[in-house]
Amino acid sequence: MKNKNITIFDCEKEEAAVFYELAPRFHITPDIFTTPAKCGNIPNPCHRCISIGHKTRITETDLTALREAGVTYICTRSIGYDHIDMEAAAKLGITVDNTTYSPDGVADYTVMLMLMALRGTKTALLHAACGNFCLPPSRGRELRNMTVGVVGAGHIGSAVIQRLSGFGCRILICSQNGTKDHVSLPELLKQSDIVTLHVPLYADTFHMIGKEQLALMKPDAILVNTARGALVDTNELIFALKSHRLSGAALDVLEGEDKLFYRDCSQETAENPFWTKLREMPNVIITPHTAYYTQLALRDTVEKVLRNCLNDFK
């Protein structure tokens, strides 16, 4: 059987190693590029089937260049599509697919962030690093005494729910595909001590947690977001935290993160104004969109890309 060729853009060293390991099983030959699929980086002609990462925005201009180079199919190595101009892709006749991977890494990370926020771990770690081993001024809270509201019950949300059931806490669920046992978003926000977001970013979920929604939450509640930054109106979140209308937040994603995350900004001024304000708050944890970053998720993602591309060849 003759091998099929695909092009992999924005590919890191670890990803490349897994592509080279798994591709022969599918009779696929991957051409690996470390650069993103942006204008100026696209070989012409290009293989019609390509894969891209989630860290770079793919605009209509980029998609036009890809189409002119012969690309008709894009598989993004992410669950979300929000970094791709999907309207332009459809107009140009380019099919876009996503990849699903094991939800365990993100689910584990989500629960970890909940526990860290409840126990004030950010302050404890900062103090310990400076040699201050005094007990914190306030005691932590225990998860089993909490009501946790899970917004979105897809693969990741369901995995979070499964883990939370072992802690003995009360769980509320709000989902578009909800059953009669699910509650509305306003009701979930009113009752929950912790709210965790697990929905994709679409036009109708953009800023789904805004001024009105934050006002419904308990003053001692915590917001956790490991989905997409723009689900939350971050200006309103900052105001709620500063005015003590919300107890804390644990964010693995941040609105406008593409100008901040996956770069070493320690020696430069960060371009993201939200991070500048949130970083100083002791009750806010920020990590750089890393919940997905596990060995198992990597292998799952690469295998799904190869399977998706193979299906496109049929």
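**View 1. Strand 1, helix 1 (residues 13–22) and strand 2 form a right-handed β-α-β unit.** Right-handed means that, with the strands pointing away from the viewer, the path from the first strand over the helix to the second runs clockwise. Helices (H or I, at least four residues) and strands (E, at least two) are DSSP runs, numbered from the N terminus. The model is predicted: local features need pLDDT of at least 70, side-chain atom pairs count only at pLDDT 80 or more, and totals for chains, interfaces and linings use all residues. Residues are numbered from 1 along each chain as its sequence is written, and side-chain values use heavy atoms, without hydrogens and water.

**View 2. Strand 1 (residues 4–8) runs parallel to strand 2 (residues 28–32).** Five bridges join these strands; pairing requires that DSSP finds at least two. Ile8 stands opposite Ile32 in strand 2.

**View 3. Helix 1 has buried residues (under 20% relative accessible area, 1.4 Å probe, protein chains only).** They are Glu15, Ala16, Val18, Phe19 and Leu22. These residues cover an arc of only 165° around the axis, so they lie on the same side of helix 1; the arc is that of the directions from the helix axis to the C-beta atoms. The face turned away from the buried side carries Lys13 and Glu14, which are exposed (over 50%; partly exposed lies in between). Strand 1, strand 2 and helix 11 (295–313) are among the elements covering the buried residues of helix 1, where contact means heavy atoms within 4.5 Å.

**View 4. Helix 4 (residues 104–119) is followed by Gly120.** The phi of Gly120 is positive, near 65°. Buried residues of helix 4 include Tyr109, Leu113 and Met114.
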